[in-house]
Structures are given as C-alpha cells and as structure tokens.
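Me: I have a model on screen and some bench questions about it. Can we go through them briefly?

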Amino acid sequence: MEIILENFLVTSALTYANGKLHIGHIAGSYLNADIFVRYQKLVGNDVLYIGGTDDYGTPISIKAEEENVSPQDIVDKFNKSMRVDLEGLNIQLDNFSGTSHVNHSKDSQDFFTNLYDAGYIKKKVIKQFYDEKQKRFLSDRYVEGICPFCKEEGARGDQCDNCGKLIDAMDLIEPKSKLSGEVPIIKDTTHWYLDLPKFEDELRNWLDTKTYWKDNVKNFVLSWLNEGLQERAITRDLNWGIPIPLENTEGKVLYVWFDAPIGYLSSTKEWAEKIGEPDRWKDYWLNKDTKMIHFLGKDNIPFHTIIWPAMLSKQKEQFVLPHDVPANEYLNLEGQKMSTSRNWTVWVEDYLKYFEGEYLRYVLAANAPETKDSDFSWEDFRMRINTELNNVLGNLANRTCVFSKKYFDGKIKRPAKLTELSKNTLAEVYKLTDTIGRSYSSYQVRKATKQFMDIARIGNKYFDETQPWKEIKSDKNKASETLYVCLEILRIISITASPIIPKSMKILHDMLGITIPLTWDNISKETAEYSINNVDRLFRKIDEKEVEEQLEILKQRQKENVKEDIMIEHKPLIEYDDFMKLEIRIVKILEAERVKKSNKLIKLKVNIGGEERSVIAGVGKDYKPEELIGKKVPMLINLKPRIVMGVESQAMILAAEDEGKLSILHPDKDVMEGSEIS
RNA sequence: GGCGGCGUAGCUCAGUUGGUUAGAGCAUCGGAAUCAUAAUCCGAGUGUCCGGGGUUCAAGUCCCUGCGCCGCUACCA
C-alpha cells in the first residue's frame, strides 16, 4: 500500500476546568483522537496532538467563590488532575494547555481585533439590569417582575409564563433581582456581537466541499444554516476572563465560547516554545496542506463547524480551516444517561485505582459511540476483557510463546518454504491489515478493534488445525513452521492493535524479541528469526466480584449525592398563620385527559367536596391520564387561578420530585374528598 | 407540539449506492482436542429485520402512515 505522507493537526475538545475527567470525556473526544494520532504516527505522518482546559467563565468563578480560592487555583487543580488521568490512560497529547495560560489572551485578543477591523464585529449598547448588591449585571432570566401584558406577577425577564408572551426585560413592572431580591437599577452596557449572518453564504459554500463529513455532523450544520444564523454576543460583564482589546472597556471580557477554540492555536504555540522552536506552530497553522481534525462530542458541533471556521477565515494570517470534525455521540452508563450533577459516571481517577488503563481503552474502543449513543456497563467490560483480550488474544500469545520456549528454546527461524495453508493464512491476515488501516484513517475505531481481534481468531484456528503438539512428535520442522506463522501473526497484531492498546502491544512486541521499530511499514517485513524473551501474561481476568464492587460504588455515590441535596438551602421560617393561609384539601380526580399540543400537561376535573374544578397538572411524563382517574390526592386549592395553554387551572396538585420524576402524594387511609389538610 | 435519532437472534450490535437461503461477538446446547490464561477449535440453531400501506422485476435498505423508546425544546401553579 503506497502511503503519501501527510500533515495532521489533531485536537480534542477543550475540557471545562471545573471538574475531573470521566469516561464520557474519554469516549467522546480523547480516546478516538489518541487512537487516530497513534495510527498516523505509526504510518509515519507528521501529527501534532493538541488539547487543554477551558478555563474561563461564570461557573468557575462561582466555584472559586464557594471554595474561597482564586479561579486560577480551581483551574490549575483540575488541569493537573486531568493530566494525571490522561497519563494513566496513556493518552499522549503533544501539549495539554489551558486557556488561562499566558499567550492565550493575546491570541484571543488578536482574533477579536482582526474580526473587528474587518467589520465582522458589531457594537451594541443595550440596557440591562444591574444588581448593585451583587455587583453583577443580570441576564434576563435573573430578573422577575410583573408582566406588562397580563399584569401577572412572577414574570421572568425574557418571557411571561402566564400569558406566554415574550417580554423585553425593560418593560417589566416592579422588577426584582432573583439573586438578591433587591430592585435592580437599569444601566446601559455595551456588548460586542459577531455578525454571523454575514458569513452565511461563505460558510455554505465551504460546507459544500465537506462531502466526506459524517452524516450526523453534516445534518446538524445544515439545520443550523437553514434556520438562519443570528448575531451572537461575544462579550460579557465578568471579572474572570480575557479583557477585550479596546479602549475604555473595563469589566468586559470575551465570552468563553469565543476564546475556547483559539486555545488550539495558543496550545500549539506553547508547544513550539517548549520544544525551543517558537515558529514551529506555523508549520501546522499556516500550512494549507495541514489537515486539522477536531475530535469532540456532539454538543460541540456548531462551534467547530460554523463559528470557529468563520472566526478563522477573517484573520490576518491565512489559518487552516477544519478539515474534518468527527463528532461522537454520547456514552451512557449502565443504561442511563451519564450526569455529573447526579454523580452518575465513572471518574477516570477512580477507575485507575482498580483497573489498567489499557482495559478501558479496549472496551471504549470496541464500543465507541461513533454513530449513535452506546452503553458502558461493568458486566460488558468484564466480558470483553475476559473473552476477547484474554481468551482470544492473550491466550494465543501465551500458547505460542510457551510452546516455542519449551521445544525450541524460543528460537524460531523462518522456514525456507511454507505450506499452502500457512501461505493462505498469512495472506488472509495481510488483507485484514489493509482493512484495519482504512478503519483507523476513517475514525472507525469499533471496526478496527473487531478486525484485529479477527486476526487473533485466525491465529487460534490455524494453531488448532496444524496441531503442533502432534507435529512436534512426528516432524519437528513442521511444528517450527506452525509456530513461525503464529509468531508472525502476533507480530502483526502487535503493530495493528497498538493504537488501541499501546502498552500491552509494546510488551508483546518486546516479548517476541523483535528489534526493528514498531511501525506500520514494518508489518510487511517478515522476521527471519524469532528469539523469544521471558513470557508473561499480557492481560489479567476480571472477576465477577470486581463487577459487583464497581456497581456497589456507583450505588454508594448516589447516596452521597442525596446527602448533598438535602443540604440544599432551606427556606426562611414561617409563622403558623402563614401555613394556615394555605387551603389544602383531598380531592377526587373525576376526569383526566392530555392537554393538546403538550406532552407534559394533563387536564383534570376534580371534586373538592361538593364543588368541581378544572386543574392543569404537569405530571404527564410520569402518569397516564387513565391511572389518575379515581385517585384521591391533596391539592392546594386557594392558589390564584391561572391560565396555562389556554385552560384555566383552579388548583395545584402536590407531588414529590425525585431527579425529575414526579410522585403524587396519597393519604394513608381512605378519606372523603374535601377533607382539609392541617 | 416542534426538531433530531432509534426500533434487526436471549444480550450487545454489523448490514455499504435496494439484488441471491439476513450476519458477527457473547450467552446456550452438542462434539473434538489437550500446546496454552478451565484457554482453543468444529457443529447446531432460533429472527413476522416494530406494525400497516406504497414504489419496484426485487426493500431490513427508498416513500407514506401508525406504535414504542431516547435526546433537545416549550408547556409543570
């Protein structure tokens, strides 16, 4: 196979620096990038692999306040922990930087300036509420007041829930800050907007050339374009961020999504400086033949396919545009969506306390969420490690090497002539290596994993068919040939599987006593004589108990999480009179039907004791109308009626909420409708 | 309700531009073998390819429709 040398700049999406790495990050943008990079390096292409942390923004500044440290401390802590985790998984970036590192600010400001000078950034003065107590500008949803249209209280600054009309926050009557409860003052504030509509035609033409992009990515981008691009604010009033490079703009910083992708550039520059060749970054960024490939999760698609290329295209320097954006879908855990806030995930740090990094690499590669969401379960993890890595590959290596040691002192020469079976077997294996190469270069890690396991299966089959344990007694040369072929197969696996499980394949390569470097080209260089070193097990098995242990840990975490929830802020104490103001009665549900055009609302007709009322309840996700009819439940009935989706609701159903799931309350014994609760 | 995705063997999934008896791994059962990590190899299966219509010589694959599930989104008084 002829290979043309290429130039790659590979990135993994910057990870937000307010937490640790979990297996979702790995499956989404790190492992697939690392495997691709390792393959390209094996082939001999010039690859630079860049990443880092996304360091600015409100959540980090809030977290810092909570922990009473500086935002930089938070960022540094997580940046460091991520490096350790990546190291543990053998994911080797050429540079892992962070957007709070020195040169990033300048690069981001330059991007801003160039776009500004070219007329792609608009300045807008907008009126915004300002909370003097909190010393923050309040975004619309942090302001409440009376709706100017329906005069209902509790309308948010962006929309009134009562009448559903969109509101300009400035029109709110008696506005209040949701943060402090104070009356905010109105201040003019200036923000800068990226004029995305101006880019529309250009982007469309550019995207037309990306015929090779994955379907899910292309569809996503097209739907964005078809809806029409909006001007987007790229600045915020905040103290933790990059100041914008204009006169008299104190307190204005770049919005994180603007500066984050520039981190790829500044990280490359940081790398160039570290290796003592400060201009080397140009070989990638200013070289039109560079293929820049962004690995990321699906949530990051629009930024990298629309906004980022738009930003890049208007710089003074002719930067390369993204060549491909192989976005992955999501990884679920034990059948449920992963969630860090619910603590439903596996932290890399924790994983590494129990298992080898290689095993996670293998399982996530075999089951990567390439075309749709996939599921990680500990039982599947165990099965794959035991039946695939151990039984098929590990055992093939072991039986071959041990046999060679025992009868030939580990020295196996290439026979002068091979039998038809041997030739065919090797030919089949070689054919697969081409296929594997194609899988790697088209980001199909799942396929590549299956394909190198298939090579090992061919090896086991060949071993069984030739029966060297019999050959050794009748014709020693024949047995030697069999072992030679198996060793060749192992050699080829050690190369083809190394992007996925680099550590163990290096061990295998060394075990076989091969002295030429481990490169893709050397697949075709047959070894003249093997000299096997000490034979070791390549993999260990995972016990069922270990699976149970991990499941237990997951459960345990859920409980911890609940404890934290209970700590959540309590409301102020109230007087008994306040409680007495509430009229809560048991009502009987007479009728129930879904509200049209809604999948969450159910319209109820209830008997509250001699009187019927209609009620709208937002329980449609957890209850079907049929199961509600006839039930007796408590309701708050002296709440001001209100119109929801065109229907008046004259009471409020009481339900407990647990992780978004609603559970309607029931009296312990059967009581008459109308009974009051006190 | 809107947008997007999914529904193929017990389980996890492949099925390229529509083309012969629908595949792989795991699990199950039977057999062979004993070099090896109780590992391996051979054989056996089972499928209304979610339902219903349509286009076509031909549909798991394209179109319409219904059902079910998931994600984002609006509606939780």
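**Cysteines, RNA contacts and a hairpin**

Reply: Start with a cysteine. This is a predicted model. Cys401 is buried, at a relative accessible area of 0%.

Me: How many disulfides does the structure hold?

Reply: Take Cys401 as a test. The nearest cysteine sulfur belongs to Cys486 and sits 9.9 Å away. A disulfide needs the two sulfurs within 2.5 Å. Cys401 is therefore not bonded to Cys486, as the gap is too far for a bond. For the structure, the count of disulfides is zero.

Me: Is Cys486 buried or exposed?

Reply: Buried means under 20% relative accessible area. Cys486 has 1% relative accessibility, so Cys486 counts as buried.

Me: Which part of RNA strand B accounts for 66% of its atoms within 4 Å of the protein?

Reply: RNA strand B is surrounded by 44 residues. Asn395, Arg537, Ile616, Leu639 and Arg642 are the closest. Of the strand's atoms that come within 4 Å of the protein, 66% are sugar and phosphate.

Me: Which residue has a polar backbone atom 2.9 Å from a phosphate oxygen of RNA strand B?

Reply: Sort the contacts by the atoms involved. Asn395 uses a polar side-chain atom, 2.3 Å from a sugar or linking oxygen of RNA strand B. Ala651 places a backbone N or O atom 3.1 Å from a sugar or linking oxygen. The phosphate oxygen is 2.9 Å from a polar backbone atom of Gly618.

Me: Which element gives the most to the surface near RNA strand B?

Reply: Elements that give two or more residues are α13 (378-408), α15 (445-466), α16 (468-474), β24 (612-617) and β26 (642-644). With twelve residues, the one that gives the most is α13.

Me: How many residues of the surface near RNA strand B are charged?

Reply: Split that surface by residue class. It has 15 nonpolar residues and twelve polar ones. The charged residues number 17.

Me: In β23, what is the bridge partner of Ile589?

Reply: β22 covers residues 584-594 and β23 covers residues 602-607. The two strands pair in the antiparallel sense over six bridges. Across them, Ile589 is partnered by Val606.

Me: Which residue in the turn between β23 and β24 has a positive phi?

Reply: β23 and β24 run antiparallel, joined by six bridges. One of the bridge pairs is Asn607 with Glu612 of β24. The two strands form a hairpin with four residues between them. The turn residue with a positive phi, about 100°, is Gly609.

Methods. Residues are numbered from 1 along each chain as its sequence is written. Chains are lettered from A and ligands numbered from 1 in the order in which they are written. This is a predicted model: local features need pLDDT of at least 70, side-chain atom pairs count only at pLDDT 80 or more; totals for chains, interfaces and linings use all residues. Side-chain values use heavy atoms; hydrogens and water are left out. Buried means under 20% relative accessible area, exposed over 50%, partly exposed in between (1.4 Å probe, protein chains only). A residue is near a molecule or strand if one of its heavy atoms lies within 4 Å of it. A polar contact is a pair of N or O atoms within 3.5 Å; within protein, one must be able to donate a hydrogen and the other to accept it, and residues adjacent in sequence count only if both atoms are side-chain atoms. Ala, Val, Leu, Ile, Met, Phe, Trp, Tyr, Cys and Pro count as nonpolar, Asp, Glu, Lys and Arg as charged, and the others, Gly among them, as polar. Two strands pair if DSSP finds at least two bridges between them.
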